[in-house]
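Please open the model in your viewer and keep the sequence panel beside it, since each stop on this tour begins with a selection.

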Amino acid sequence: MNKKVKKKKEVKYDGTEDLEIKHVAYSNNIQQYVLLIILIILFGFTFFQALVYIGNYYEKKELEKNDNVVEIIEDKTKTVISNNGEIYKTLTIKDDNNHEDVILENVNKIEIISENTEEVIKKYFDIRYTINRNDFPRNFISTNDSDLLVRFSYSFDNESWTYLTNAITIGNTNISPVIGALYDLSGLTGNIRVATDYEVSSNPYENVTMYWKCETIFKYKEENLNKTFQAEFKINYKDN
């Protein structure tokens, strides 16, 4: 009996399947690369945001530690006031420096940082010198040889200073300067209005720094030993 043997058909391989597999694998690799790039970008953005948050947090904490620093953030402007005007002095024999006067210097600072693109930014401040304790008796006549004197000045570079020479007020009393732009503080207590509604302005994208200085001068005399003086020199921000 003759059996019919079916001949197997030969199929020629043309490589098409491998090309398709490679194409699919290549497409998958591209997708993985794109996904990886997106993940890297998201991670970088998140990391940057975290750094900004941490920086702001520590900056805020630093400001909280220093009660003398006040930061006011408004639309496209930031104002920073640094007050270092605490004055507390008891004149003692240790201050004897060939019987020279004892001078305490305090400098406060205003910084205005503007990102405004359209207008000049104007800020207003009060400059105050508040005397809480004063053991130096009042003089009938104010002179530049008074036991207790003060001098006020301002600067925009912390080097060249302009001294105040106008009358300042405490309560209903005007205090006029004597020779050397000096004000006699003997016997005075209360809030001295050094400057009121003082204007500081900055142009768009301009940073302005202004310094205010007071020099409190104690005459070194034996009768002034153990006398105490306490005051605070301060810049107060005013809302526009």
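Begin by selecting Asn158, which counts as partly exposed because its relative accessibility is 38%. In this predicted model, Asn158 sits in the loop between strand S6 (148-155) and strand S7 (162-163). Look at the backbone here, for Asn158 has a positive phi of about 65° although it is not a glycine.

Next, select Tyr205, another residue other than glycine with a positive phi, in this case near 60°. Tyr205 is placed in the loop between strand S11 (190-202) and strand S12 (207-218), and with a relative accessibility of 58% it counts as exposed.

**The helix and its surface patch**

Now move to helix H1, which spans residues 16-65, and pick out Leu42 within that helix. Is Leu42 partly exposed or buried? Its relative accessible area is 49%, so Leu42 is partly exposed. To see the surroundings, add Ile30, Tyr33, Val34, Leu35, Ile38 and Leu39 to the selection, since these residues and Leu42 form a nonpolar patch on the surface. Together, the members of this patch have about 670 Å² of accessible area.

**Salt bridges**

The structure holds 12 salt bridges, and a few of them can be visited in turn. Start with Glu71 and Lys78, whose closest N and O atoms are 3.7 Å apart. Both ends of this pair can be checked: Glu71 is partly exposed at 28% relative accessibility, and Lys78 is partly exposed with a relative accessible area of 24%.

Then select Asp145 and Lys219, where the side chains meet in a salt bridge with an N to O distance of 3.8 Å. Asp145 lies in the loop between strand S5 (121-134) and S6, while Lys219 lies in the loop between S12 and strand S13 (228-238), so this pair ties together parts that are 74 residues apart in sequence. Colouring by accessibility separates the two partners, as Asp145 is partly exposed with a relative accessible area of 47%, whereas Lys219 is buried with a relative accessible area of 12%.

Which residue forms a salt bridge with Arg151? Select Glu215, and display the closest N and O atoms of the pair, which are 3.4 Å apart. Arg151 belongs to strand S6 and Glu215 to strand S12, and the pair links distant parts of the chain, 64 residues apart. Glu215 is buried, because its relative accessible area is 8% and the limit for that class is under 20%.

To finish with the charged side chains, show Asp126, Arg128, Asp197 and Lys238 together, as these four are linked in a network of salt bridges.

**Beside the network: Thr196**

Keep Asp126 and Arg128 on display and add Thr196, which is found in strand S11. Thr196 is partly exposed, with a relative accessible area of 45%. Leaving aside neighbours within four places in sequence, Thr196 is in contact with Phe125, Asp126 and Arg128. With Arg128 there is also a polar contact between the two side chains, at 3.2 Å. If you draw a C-alpha to C-alpha line from Thr196 to Asn236, it spans 9.6 Å, although the two residues are 40 residues apart in sequence.

**Into the core**

For the next view, hide the surface and select Tyr129, Phe152, Leu185, Ile192, Trp212 and Phe229, which touch the most other members among the 36 residues of the largest nonpolar core. Colouring by strand is useful at this point, since strand S4 (102-114), S5, S6, strand S8 (168-170), S11, S12 and S13 each supply at least two residues of this core.

**Last stop: Asn108**

Finally, select Asn108, which lies in strand S4. How much relative accessibility does Asn108 have? The value is 0%, so Asn108 counts as buried. A polar atom of the Asn108 side chain lies 3.0 Å from the backbone oxygen of Phe233. Expand the selection to the contacts of Asn108, not counting residues up to four places away in sequence, and you will find Ser82, Asn83, Asn84 and Gly85, then Met210, Tyr211 and Trp212, and also Phe233, Lys234 and Ile235. Among these contacts is Trp212, which you have already selected as one of the core residues that touch the most other members.

Notes. Residues numbered from 1 in each chain as written. Predicted model: local features only at pLDDT ≥ 70, side-chain atom pairs only at ≥ 80, totals over all residues. Heavy atoms only, no water. Patch = residues over 30% accessible without salt bridge, like charges linked within 9 Å, V, L, I, M, F, W, Y side chains within 5 Å. Areas by Shrake-Rupley, 256 points an atom, 1.4 Å probe, with all protein chains shown as cover. Helix = DSSP H or I, 4+ residues; strand = E, 2+ residues; numbered from the N terminus. Buried < 20%, exposed > 50% of the residue type's maximum accessible area, 1.4 Å probe, protein only. Core = buried A, V, L, I, M, F, W, Y, C linked by side-chain atoms within 4.5 Å. Contact = heavy atoms within 4.5 Å. Polar contact = N/O pair within 3.5 Å; in protein donor to acceptor, adjacent residues only side chain to side chain.
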